[in-house]
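Here's a quick tour of one model, with a few spots worth a look. Keep the viewer open while you read.

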Amino acid sequence: MSQPTIESILHERRVFTPPADFAQQAHIKSLDEYQQLYDRAKANPAKFWEELAIKELHWFEKWHTVLDWQPPNARWFDGGKINISYNCLDRHLTTWRKNKAALIWEGEPGDSRTLTYAQLHREVCQFANALKHLGVQKGDVVGVYMPMIPEAAIAMLACARIGAAHTVVFGGFSAEALRDRLNDGNAKLIITADGGWRKDAIVPLKEQVDKALADGAAPTVQHVLVVERTKQGVTMEPGRDHWWHEVQPTVSAHCPAEPMDSEDMLFILYTSGSTGKPKGVVHTTGGYNLYTHITTKWVFDLQETDVYWCTADVGWITGHSYIVYGPLSNGATTLMYEGAPRASNPGCFWDVVEKYGVTVFYTAPTAIRAFIKMGDQHPQARDLSSLRLLGTVGEPINPESWMWYQKVIGGDRCPIVDTWWQTETGGHMITSLPGAVPTKPGSATLPFPGILADVVDLEGNPVSDHEGGYLVVRHPWPGMMRTVYGDPDRFRRTYWEHIAPVDGQSLYFAGDGARKDEDGYFWIMGRVDDVISVSGHRLGTMEIESALVSHPAVAEAAVVGRPDDLKGEEVVAFVTLEGAIAPSDDLIKTLKQHVVTEIGALARPGEIRFSDALPKTRSGKIMRRLLRAIAAGEDVSGDTSTLEDRSVLDKLRTGG
Ligand code: WT7
């Protein structure tokens, strides 16, 4: 059950056309219609996006320029005034949607809540006033470190409402990682909860916040707004910490949405790269609103009566774009679930589908692989007949898992959308439109209209069919990241200078390898840089190496990904120890825990191997390719011409 290989791709011949009844009622009903949209967008991208911006969103004031493109800097709908919280809430209140369920929430211990658009609007306004009351102003940055509860979405929408940028940090990150992000973003306030439920246990979020802020280590943070969730008891620092349930009754439910410039920052979201510390990916307001709105509408084919469920965490871009902003901007019912499938409750996802009659379901290959392993009896014991569309995101899905998803979850009735995109792209880039584009298991299929994607070599020349190359995008799109927070140079270097410009035109480099087949379908091959994906979570090997060498026992460390049936990849670390220190099982435990403390449990190495030296080239570069092969148990004996000291290799192989 590994990632797609070149062989499996070349031998994949199955094609599934959209079911006729699905296509008839879909927003985009045929391959012809898709092709026309695609061609129209390609011929005049600015016109294509402008028409959609007028039709789909509310603007306080119209823009003067649709696109100002000075590579790598794009400005979309410049001069336009807009507020995404208004588009997600207020504009639905003047329609029958006022009393429609906006957010259905299912809590881990079995509690639940449904908020209508009117109720969600009210809570967001109160939350926004609470932020103002605590001194948050337009342009400030607010940290959000929350469990999967409605207040996570409410907090984001409240920030957007008053023009503060949020930076959501996934609750699985450690206090150290949280502190780095708060400091990089100069966050003024942090929104958290006493705790959150995670697989039958409580994650002590407030305690982590206290650690992150201890000894003035995050000096810009002035206040902590704490939502009560798990009630296990936390310390509140007077003057700094405030309970949301105590503030809420004191604030007004009236808070007009602040008209924002289209290019005002909406949020920062940190993601791992191949070098250095995590990057603060910056998204702005107008373009992101439009892009998440239209991709949600067309890719999930949202209809008024859908109950739409994306299983991601709001701490990742998928949660931002496809739990909160995209669905709410469309006036849809979005479902949020606090729990995660686990041995003690292997059917919990299917219980949620049955209980709420979920119609559109969006999850990750790593979850699908876990379900396969848990057994068909769990989905089969539930009524999943409400489902009409399935989606997948996060890593390449192997054709076997795709077929299982279609058959066991989708009852051979639901189209599957395999959506390729990234934190940086804001929304879906390569994906089928479910009523229009025939699918092939394992392929993300074709680019979204307006996305000029291609596979090229380092010189920017398109490669031939079935030949591997770099996945690039040729023209800016509204949802693209605008910069790396505080580091425009890194933005340029990382994304816009890797591939040579073609006819003076810069290409966006995604960091993925891909190939196209004879039908123009894209087959994503995975990262070509030192980024690995563990259970769909993106990690930079350098970050884990830095965490390891920050331990006094470690002299040098090299981290690679090893293919794993369940998680996609697993972290394997090769470590050399400081002079007098002897390897031991205890030290392995200590170092694993050290990585958890520095980054979070998601980065915990599956294996640590000690060695006297790491394999290096004559110029002193660690040979990761070799380490990857060794970690995977491959034969590397013939592959070492540039290795400086061959004896290192023998020791590594024997695990010495
Ligand atoms: C990387 C982006 C975008 C939401 C979740 C991850 C990989 C994502 C697919 C897919 C093959 C995929 C890529 C990409 N990826 N979706 N459908 N097929 N690979 O966001 O953490 O920014 O990671 O995830 O390698 O570059 P992210």
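How many bridges pair strand 21 and strand 22, and do they run in the parallel or the antiparallel sense? There are four bridges between strand 21 and strand 22 (residues 469–473), and the pairing is antiparallel. Bear in mind that this is a predicted model.

**The sheet**

That pair belongs to an open sheet of four strands, ordered 21-22-24-25 and paired in the antiparallel sense. The edges are held by strand 21 (453–456) and strand 25 (522–527); each has a single partner strand, so one side of each has no neighbour in the sheet. Direction ignored, neighbouring strands here are turned by 45° against each other on average.

Let's start at the strand 21 edge. Ala453 and Val455 point one way from the strand, while Asp454 and Val456 point the other way, and all are buried. Val456 also sits opposite Tyr470 in strand 22.

Over at the other edge, strand 24 (residues 508–516) and strand 25 are joined by five bridges and run antiparallel. If you want a cross-strand pair to click on there, try Arg515, which stands opposite Trp523 in strand 25.

**The ligand**

Strand 25 turns up again around the ligand: along with helix 12 (317–329) and strand 20 (416–419), strand 25 is one of the elements that give two or more residues to the shell. In total, 16 residues surround the ligand, and the closest are Asp418, Thr419, Thr423, Asp512 and Arg538. Sorted by class, the shell comes out as six nonpolar, five polar and five charged residues.

Here are some of the N and O distances between protein and ligand:

| Residue | Protein side | Ligand atom | Distance |
|---|---|---|---|
| Glu395 | polar backbone atom | nitrogen | 3.4 Å |
| Thr419 | backbone N or O atom | nitrogen | 2.8 Å |
| Arg538 | side-chain N or O atom | oxygen | 2.8 Å |

How much of the ligand's accessible area does the protein cover? On its own the ligand has 550 Å² of accessible area, and the protein covers 93% of that.

**A charged residue in a helix**

One last stop is Glu123, which lies in helix 6 (residues 117–133). Is Glu123 buried or exposed? The relative accessible area of Glu123 is 14%, and buried means under 20%, so Glu123 counts as buried. The side chain of Glu123 has company too: a polar contact of 3.3 Å joins it to the side chain of Arg113.

Definitions and conventions. Residues numbered from 1 in each chain as written. Predicted model: local features only at pLDDT ≥ 70, side-chain atom pairs only at ≥ 80, totals over all residues. Heavy atoms only, no water. Pairing = 2+ DSSP bridges. Axes fitted to C-alpha atoms, helices over the stretch in contact; angles between N-to-C directions. Buried < 20%, exposed > 50% of the residue type's maximum accessible area, 1.4 Å probe, protein only. Near = heavy atom within 4 Å. Polar contact = N/O pair within 3.5 Å; in protein donor to acceptor, adjacent residues only side chain to side chain. Areas by Shrake-Rupley, 256 points an atom, 1.4 Å probe, with all protein chains shown as cover. Nonpolar A, V, L, I, M, F, W, Y, C, P; charged D, E, K, R; others polar.
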